[in-house]
Amino acid sequence: MSLSVDAPAGEALDVLSRFRVEFYECLYARADALFELTDAVLCADGPVKTLVELSLAVEHRRGHGALYAALDRGWTEPTRLRRALAGLPLPRAADGRVVLAVDVSNWLRPDAPTSDDRLFCHVYGRGDRKTDQLIPGWPYSFVGAMETGRTSWVALLDAVRLGPADDATAVTAAQLRDVIRRLTQAGHWHPGDPEILIVMDSGYDVAYLSHALADLPVVLVGRLRSDRVMLRDPGPARSGPKGGRPRRHGGVLTFAKPDSWHEPDVTAVTDTTRYGKAQAIAWDRMHPRLTHRGPWLDHAQEELPVLHGTLIRLKVERLPGDRDPKPVWLWCSATAATSAQVDLWWQSFLRRFDLEHTFRLMKQTLGWTAPQVRHADTADLWTWLVIAAHTQLRLARPLAEDLRRPWERRTEPRRLTPARVRRGFRNLRPTTACPAAAPKPSRPGPGRPPGSKNSNRAKRHDVGKTVKRAETIKEHQARRG
């Protein structure tokens with residue numbers, strides 16, 4: 001089921017209204033205040049900079065005290081909201097398959113020593129140094145469904161905050177498994193349909209994830225660093241008087257040494273409007289050398305598996321702002337690929353950058369990281385409110401009018417960006433379902449007596465992992481024993 005941007009207005013309005021009612025039913029405490037806070041995010045004039053300014057929006061009929069109390073004492077059920085998101089119409093690729101992207105975005109909180117569960121988040125190009133930095137914050141892992149073509153729209157399906165005791169690879173594997181299960185239950189995939197494609201960047205262990213999700217109808221495509229190596233299959237077994245164990249690995253293909261490359265199995269050249277000529281060469285049945293490190297420490301068998309896949313080298317003619325772009329190395333968990341499949345995989349990987357546009361919209365326009373909240377639970381609640389707001393923008397896409405500024409370019413009908421759909425959401429809101437009840441008259445509390453000081457100092461929390469992962473299998477076995 002897919003809701004096209006050219007869908008009838010009545011159908012799109014019904015889907016949007018149903019989701020607003022389902023979202024309201026997912027709010028178990030302070031539901032009215034949280035629902036109107038989300039509407040204020042959607043209807044506010046300009047980007048969201050502070051929380052208190054949202055209380056001045058017409059859609060937020062309560063005071064600023066109710067706003068802060070709702071975030072402090074409110075409660076939403078993420079499991080039910082995840083099911084509601086999975087039940088919505090999803091975008092699909094040109095061949096009808098579902099394409100998912102997973103990535104981590106950080107909510108940086110460097111000057112918040114009283115905030116709990118902060119980790120050191122890796123960021124690049126922040127501040128004057130323009131180098132890699134580790135800054136305290138809350139990292140969130142997002143999963144979204146990609147559209148086809150050049151667009152900045154993504155259907156967000158899940159978000160999980162990585163805690164100090166979590167292993168990022170294990171959390172990602174469990175998160176993707178849950179998302180696939182919910183999509184299957186919602187009827188987005190049936191036996192016989194094309195396999196779901198999952199794309200990810202180089203920060204993920206794509207080989208381990210392909211092994212952990214081998215029982216699911218998925219194909220994984222991940223980027224590899226340019227300093228990696230891959231292994232071929234061993235040649236014919238050598239016979240000799242002493243025999244011996246057959247080899248498990250063949251020759252080495254070093255990315256940085258073209259002399260080590262053998263003849264590719266697939267070569268595809270595609271003319272693109274944005275990147276010029278894109279050349280993709282692929283080698284079949286290439287596998288990484290696995291060691292008992294990281295997530296493989298818990299592998300039940302002593303001998304690690306050999307995970308065959310397709311190695312792809314993508315070279316484009318040009319990139320925006322880069323005259324001499326470097327090649328991109330990809331590894332796909334599927335084998336025996338055709339030229340059409342290789343093109344589908346690298347083009348789907350490039351669609352992953354639409355998720356980066358979504359992160360920028362959430363931070364710069366919807367104000368995801370704007371509130372200076374203290375507790376991680378409050379950050380989780382606000383994150384789900386922003387996801388619900390972004391989802392409503394996506395569902396309102398066929399309904400919004402182009403409220404174009406005089407200096408902005410005209411766009412095709414129903415081809416608006418998320419920010420321009422938000423600009424007209426205030427006009428759409430009265431036609432949708434608004435289940436929040438009107439506020440009751442109340443009287444503000446007395447507050448803190450003048451001249452008194454807060455005698456209860458907030459607890460300070462350390463930053464970083466609380467559980468250090470073992471480096472070797474012997475250390476891992478010693479801890480378990």
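Accessible areas are obtained by the Shrake-Rupley method with a 1.4 Å probe, and for residues only the protein chains shown count as cover. The structure treated in these exercises is a predicted model, in which local features need pLDDT of at least 70, side-chain atom pairs count only at pLDDT 80 or more, and totals for chains, interfaces and linings use all residues. Residues are numbered from 1 along each chain as its sequence is written, and side-chain values use heavy atoms, with hydrogens and water left out.

**Exercise 1. Overall dimensions**

Task: Determine what accessible surface the protein has, and what radius of gyration it has beside that of a compact globule.

Solution.
1. The accessible surface comes to about 25100 Å², and carbon and sulfur atoms account for 50% of that area.
2. The radius of gyration is taken over C-alpha atoms, and the globule rule is 2.2 Å times the number of residues to the power 0.38.
3. For 481 residues, a compact globule would have a value near 23 Å; the protein has 25 Å, which agrees.
4. The C-alpha trace spans about 95 × 55 × 45 Å along its principal axes.
5. Of the 481 residues, 48% count as buried, where buried means under 20% relative accessible area, exposed means over 50%, and partly exposed lies in between (1.4 Å probe, protein chains only).

**Exercise 2. Secondary structure and contact range**

Task: State how many helices and strands the protein has, and which share of its contacts joins residues at least 24 apart.

Solution.
1. Helices (H or I, at least four residues) and strands (E, at least two) are DSSP runs numbered from the N terminus.
2. On this basis there are twelve helices and 14 strands.
3. A contact requires heavy atoms within 4.5 Å.
4. Among contacts between residues at least 6 apart in sequence, 68% join residues at least 24 apart.

**Exercise 3. The nonpolar cores**

Task: Identify which residues have the most contacts inside the largest nonpolar core.

Solution.
1. A nonpolar core is a set of buried Ala, Val, Leu, Ile, Met, Phe, Trp, Tyr and Cys residues joined through side-chain atoms within 4.5 Å.
2. The largest such core has 87 residues, and Leu54, Trp345 and Trp382 have the most contacts inside it.
3. Helix α9 (residues 376-395) supplies the largest share of this core, with twelve residues.
4. A second, separate core has 35 residues, including Ala145, Ile196, Leu216 and Met286.
5. Beyond four places in sequence, Trp382 touches ten residues by name: Leu37, Val41, Leu51, Leu54, Leu71, Trp107, Leu366, Gly367, Trp368 and Pro371.
6. In soluble globular proteins, nonpolar side chains tend to be buried together.

**Exercise 4. Burial of helix α4 and of Val143**

Task: Establish which residues of helix α4 are buried, and whether Val143 is buried or exposed.

Solution.
1. In helix α4 (residues 78-86), the buried residues are Leu81, Arg82, Ala84, Leu85 and Ala86.
2. Their cover includes α1 (9-25), β6 (154-161), α5 (168-185) and α9.
3. Val143 is located in strand β5 (residues 132-146).
4. Val143 has a relative accessible area of 0% and is therefore buried.
5. Among the residues that Val143 touches more than four places away in sequence are Leu100, Val102, Leu157 and Val179.

**Exercise 5. Surroundings of Lys315**

Task: Find which backbone oxygen the side chain of Lys315 reaches.

Solution.
1. Lys315 belongs to strand β13 (residues 309-316).
2. Its relative accessibility is 25%, so Lys315 counts as partly exposed.
3. Lys315 and Ala278 are 37 residues apart in sequence, yet their C-alpha atoms are 5.7 Å apart in space.
4. Leaving aside residues up to four places away, Lys315 touches Lys277, Ala278, Gln279, Asp324, Pro325, Lys326 and Pro327.
5. The side chain of Lys315 reaches the backbone oxygen of Pro325 at 2.4 Å.

**Exercise 6. Positive phi and cysteines**

Task: Locate Asp117 and Arg285 in the fold, and explain why Cys26 forms no bond with Cys434.

Solution.
1. Asp117, not a glycine, has a positive phi of about 60 degrees, and lies in the loop between β3 (99-108) and β4 (119-124).
2. Arg285, likewise not a glycine, has a positive phi of about 55 degrees, and is found in strand β12 (residues 276-286).
3. Asp117 is partly exposed at 29% relative accessibility, and Arg285 is partly exposed at 37%.
4. A disulfide is a pair of cysteine sulfur atoms within 2.5 Å, and a search of the whole structure finds zero.
5. The closest cysteine sulfur to that of Cys26 is in Cys434, at 17 Å, and is therefore too far for a bond.
6. Cys26 is buried at 1% relative accessibility, and Cys121 is buried at 3%.

Note on methods
A polar contact is a pair of N or O atoms within 3.5 Å; within protein, one must be able to donate a hydrogen and the other to accept it, and residues adjacent in sequence count only if both atoms are side-chain atoms.
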